[in-house]
Amino acid sequence: MARYGMLINTKKCVGCYACRVACQMVNGLESDEAFIKFDEMEQGAYPNVYAEVVPVQCMHCEDAPCEAVCPTHATYTTDSGVVLVDEERCIGCKYCMAACPYGARIQIKKTGVIEKCRFCWYEGEPGNPPRCVGTCISGARLFGDLDDPQSEICQEIARTNAQPLAGDLTTAKIYYVR
Amino acid sequence: MQEKEALMHCNPTRRTFLKGTAATAALAAVGTCSVAAWRAEQAEAAATGAAKIQGASLCNGCSSKCGLIATALDGRLWTVEGMKEHPYSKGTLCGRGHGAAQWAYSDGRLTQPMKRAADGSFVPISWDDALSEIGAKVQEIIAEAGPEALAIIQDPRPSGKYYSKRFMNALGSPNVYTHAAACNLSKESGIQEATGAQNFSVDFPNTKMVVFIGRSYGDGIRPSSVKSLAGAAEGGARVVIVDPRLNNTGVFATDWVPIRPGADIAFLLGIANVLVTRDLYDHAFVEQSAVGFPEFAAQVTEYTPEWAEGICDVPADTIVEIAESLAAAAPACAIEPSWRAAFGCAYQNSFETARAVCAVNALLGCWGQKGGALITSSPKAGDVDPVKFPEVPKPAAKRLGDAEYPLALSGTGTNLAVLNGCADGAIQGVFFYNSNAVQGYAQPAKWREALSQAKLVVTIDVQMSETALASDYVLPECTVLERLELPEFIGGKKHYVALRTPVIERIHPETRPCDEIFAGLAEACGVGEYFDFTVEELAEAQLASVGTSIEEVREAGIVELADPGFAFGTPTFKTPTEKFQFASAKVAEAGLNPVIGYVPRLVEPAEGEFSLIGGKQGIHSHTMTLNLEALNAISREYQLERLWMAASDAADLGIVDGDTVELSSSECSGQVAVKVTERLKPGVLFLPTHYGGTSPYLTRAQGFGLNMMDFVPLHLEPGVGSTMSQEVAVKVRKVEG
Amino acid sequence: MQETRGGAARATAQTSEREVVRDAARVNVCAKAAYLSTIGALFSRWGDDYEAAYEAARATAADLAIAPATPVGAVRCRLENEVLTLGAPAAAVPVESLYKPWADGRERRRGVSAEFGAARHLLLGDSAQHMRALYRALELEVPMEFCAMPDHVTLMTEVVALCVDAGNHEAALALLSEHFDWLDAYEQTLLAHAAALSSAPPSARTDELARALAHGRELAVALAAAVRDLSVSLR
């Protein structure tokens with residue numbers, strides 16, 4: 001069974017927002033609803049500055065706090081490690097929004113359901129690859145099976161010593177190269 | 001009996017819109033009235049096979065025209081994705097590509113020809129009336145002032161660039177212009193003067209060091225450029241960004257060299273000085289492949305790094321270090337050619353800056369070398385049947401502006417000659433295609449004033465842009481995915497041809513593709529004989545001339561043409577001297593220094609004033625895309641319209657991030673929020689150039705942010721006629737309360 | 001049923017009475033449907049013939065007081081050119097697709113969801129596709145000028161009236177409840193334009209346009225009322 005994860009290399013991200021737009025399209029989000037948000041960060045002082053754009057989305061944590069607090073078990077994790085929301089069960093209580101340390105969850109206006117990145121999970125499997133990965137113009141994103149050492153993502157994580165965004169705050173499955 | 005009759009004929013006097021005889025039986029029995037039921041049916045049908053059309057086209061989100069594949073299901077545009085084989089998209093589409101897909105069904109589109117009424121409002125008019133009125137006006141102008149009083153300005157697209165030129169030439173006018181004067185005219189004219197080619201590219205796969213002067217691949221996006229640079233950076237190439245702003249390409253950079261705006265030329269000449277005086281330049285190249293070096297070398301001795309530092313504010317040591325590193329990396333290094341940023345059209349010295357870029361590359365001996373500056377070729381259509389597609393006689397008169405600006409590329413001219421021409425009566429009729437000149441090309445107030453003097457202004461566009469608003473007639477084009485265009489030839493190390501093909505049916509019946517519009521205009525103006533063919537016929541003929549067909553290109557998406565046989569090595573310079581030109585007779589004839597040398601910028605900010613520079617953002621394209629909802633939403637959420645101010649300047653002025661300021665110049669003032677940042681050289685303000693729409697028709701763009709060109713006085717660069725888009729000094733103050 | 005002749009006559013009279021009431025009800029519903037479609041028609045281009053259109057509305061109105069008054073030519077002209085025309089600055093075109101998401105955002109076909117599934121302000125969305133399917137089933141042809149707007153109120157009210165005329169109240173009700181639930185949003189758009197106009201420098205044009213927008217709201221209100229009225233009568 002695969003264990004899906006993603007790699008985001010902010011040293012290649014130029015902040016073009018293509019991933020946000022493509023994600024909105026494939027997930028039927030309105031223009032002002034987005035699963036991917038961007039933190040623009042500057043380090044240093046002029047003229048010794050490093051600026052990066054850090055795309056943030058659901059980390060598909062293995063110990064997902066959102067799943068733990070959901071009173072109706074609407075939030076669940078597939079066998080392949082993708083954290084999903086059962087629309088029928090969600091009561092819109094927003095407990096999960098408060099529990100997510102990454103602020104990755106949003107309330108969908110049309111349905112009131114609290115949703116987030118689903119690795120483009122449709123018809124029983126994740127996107128091949130998820131749309132954000134497919135549309136990234138600089139190749140800053142990778143997606144694949146974290147349990148397959150031969151996979152591109154595993155090799156890249158090893159090569160770059162990519163780390164989750166916030167250490168071991170949660171067992172996040174998105175690894176960042178920064 | 002009477003009651004029954006009354007029943008059958010409830011409403012005899014009601015006007016009906018729907019045609020056809022809906023039989024009472026059908027109406028009585030109609031089943032799919034519930035949306036839910038219909039949806040269920042649809043889902044079933046979709047599973048078994050909705051009618052699917054996949055078509056190849058070229059994105060119109062920006063001038064890269066990346067290849068895309070659009071899919072329509074049951075006639076509805078369903079998805080767009082990047083075309084894998086296209087050299088610019090390489091399978092991906094940037095945000096604009098996805099946003100631009102919304103144009104097809106947008107509520108902001110023009111759906112029929114419009115005519116300006118006396119009070120400035122627009123009323124619908126039929127095509128027949130519009131064309132005949134325009135035709136009459138055109139013929140009136142020709143009778144009174146000759147065809148030279150007519151002009152057309154267009155931002156080149158596959159069909160548009162052919163048809164606009166053909167139309168204007170057929171009328172007898174030579175006045176065909178592109179948008180270049182507000183884009184890359186100075187840069188391409190300068191490169192051409194030095195090398196004979198309009199442009200060159202950096203061999204990223206093999207380069208060891210590249211210096212960007214202002215250009216940001218991460219902001220002015222073409223997906224393939226970003227990938228190339230990412231690859232070079234990963235391969236350990238040294239990437240130097242010379243820019244007052246640490247732009248979004250900064251992630252790939254090893255060095256950020258903050259520089260005073262308009263002083264890039266001093267930086268480059270300082271490098272040249274080091275290369276020459278320390279004997280680090282390529283002797284063989286200079287001796288065998290260049291002219292004018294002795295004069296150049298003599299002149300360059302005064303451009304010491306210290307001298308350069310005084311002008312561009314880059315430390316002399318930095319200039320020396322970069323020059324020496326370039327020399328060490330040579331010939332696998334280059335100064336990148338840029339596009340618009342910094343010296344496409346920005347300053348009085350832009351043309352010369354472009355020549356200086358070329359000079360440094362010449363000294364490095366990197367022309368045509370692996371990892372260096374490559375001049376490649378472009379394919380074009382071969383000959384087509386001269387009977388079916390008759391050659392239009394070349395107009396005798398010289399294009400307006402060419403005499404005054406002889407260094408401007410002959411392929412583009414300077415469109416500001418039209419602005420001046422309207423003001424002084426030389427031009428009386430102007431056509432615009434795919435161009436928002438009024439908003440973006442120069443001081444909008446001057447454009448409006450000039451166009452109001454013209455007898456006839458016609459704009460062809462998909463939306464009511466600021467330029468359309470200043471016109472007498474606005475003719476609506478259909479969107480890209482609804483039309484077939486002429487083949488687009490793509491040059492480089494490999495040659496390709498691609499095509500815009502229709503994927504969905506015409507959405508608004510009263511919109512037309514530009515080929516039909518120009519043919520109609522030609523007919524109405526009495527020159528229809530030159531347009532007696534369809535765009536399909538010409539496309540087929542052009543493709544046949546290069547060994548392919550519409551069918552083949554449609555199938556494959558893009559077709560590779562005969563290998564141009566690119567090889568590394570010193571190129572043939574197609575200059576009058578057939579060599580690289582450190583000195584150019586033509587520049588002397590234009591009254592300028594023939595030898596590549598220093599030219600200052602025109603406007604120097606005084607004490608208390610700031611330089612103002614512009615630039616792009618990855619989700620927008622000029623002033624074209626701000627009204628697209630998905631892209632507009634990003635600008636709003638991330639406040640991308642903000643003016644950037646250096647942290648130290650902000651501290652001095654008591655301004656914090658998010659404050660509203662009033663920006664003012666000699667031309668106008670306006671208010672906008674501020675982004676305080678460390679990524680900017682003090683003394684400089686940065687304003688992204690997509691904002692400040694004024695067309696009330698484009699509701700999401702109107703009044704959102706500021707339009708940079710509103711602040712810039714009208715100036716034309718000597719010799720080339722570019723718009724000098726950054727020759728302005730501004731003041732800024734915090735708005736209280 | 002009575003056996004005696006007198007009884008038979010009484011039964012017939014009672015049946016006739018019921019028939020008369022039923023017929024009257026049917027005529028009443030027909031008239032309301034006719035009125036609805038004349039109001040719907042006022043949202044289209046009439047040019048110089050606009051007065052006849054308002055008269056037709058008044059002729060079918062059950063209560064003359066609720067039928068919109070005929071505006072002066074200049075105001076009607078502004079309404080047609082600058083409010084009811086797509087892409088105009090004060091455009092408020094009563095096309096359902098513009099007020100709803102273009103498609104069901106999550107609907108996937110051939111394994112792919114729509115590029116702009118949840119986007120708004122786009123034409124030819126699901127509602128338009130549904131209306132097109134309906135017109136096809138009824139062999140009705142959409143006039144050229146509406147080909148991008150099969151879900152324009154003018155056409156939709158006409159189909160409702162046709163269904164009512166043919167006695168298919170179920171279909172008419174379905175249309176009324178599913179295709180006219182956005183009129184509030186439409187009225188809001190008109191209000192927003194009027195508000196934006198109030199900050200523009202005054203001129204003859206802005207004055208006429210303001211009146212045109214106000215009249216547009218009058219029509220929108222009349223339309224919503226006619227929809228409610230007919231819906232109630234059909235149930």
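Trainee: Which residues are linked with D119(B) in a network of salt bridges?

Mentor: R78(C), E82(C), R205(C) and E208(C). Keep in mind that this is a predicted model, where local features need pLDDT of at least 70, side-chain atom pairs count only at pLDDT 80 or more, and totals for chains, interfaces and linings use all residues. Residues are numbered from 1 along each chain as its sequence is written, and side-chain values use heavy atoms, with hydrogens and water left out.

Trainee: What makes K675(B) and E40(A) a salt bridge?

Mentor: The term needs a side-chain nitrogen of Lys or Arg within 4 Å of a carboxyl oxygen of Asp or Glu. For K675(B) and E40(A), the closest N and O atoms are 2.5 Å apart, so the pair passes.

Trainee: How many salt bridges run between chain B and chain A?

Mentor: The count there is 5, while the whole structure has 48 over all chains.

Trainee: K100(C) and D181(C) also meet in a salt bridge, at 2.7 Å from N to O. Why is K100(C) called buried?

Mentor: Buried means under 20% relative accessible area, exposed over 50%, and partly exposed in between (1.4 Å probe, protein chains only). K100(C) is at 19%, so buried is the label. Its partner D181(C) has 51%, so D181(C) is exposed.

Trainee: And what about D147(A) and R3(A), why are they called partly exposed?

Mentor: D147(A) has 45% and R3(A) 23%, so both fall in between the two cut-offs. Their side chains meet in a salt bridge too, at 2.9 Å from N to O.

How values were computed
Chains are lettered from A and ligands numbered from 1 in the order in which they are written.
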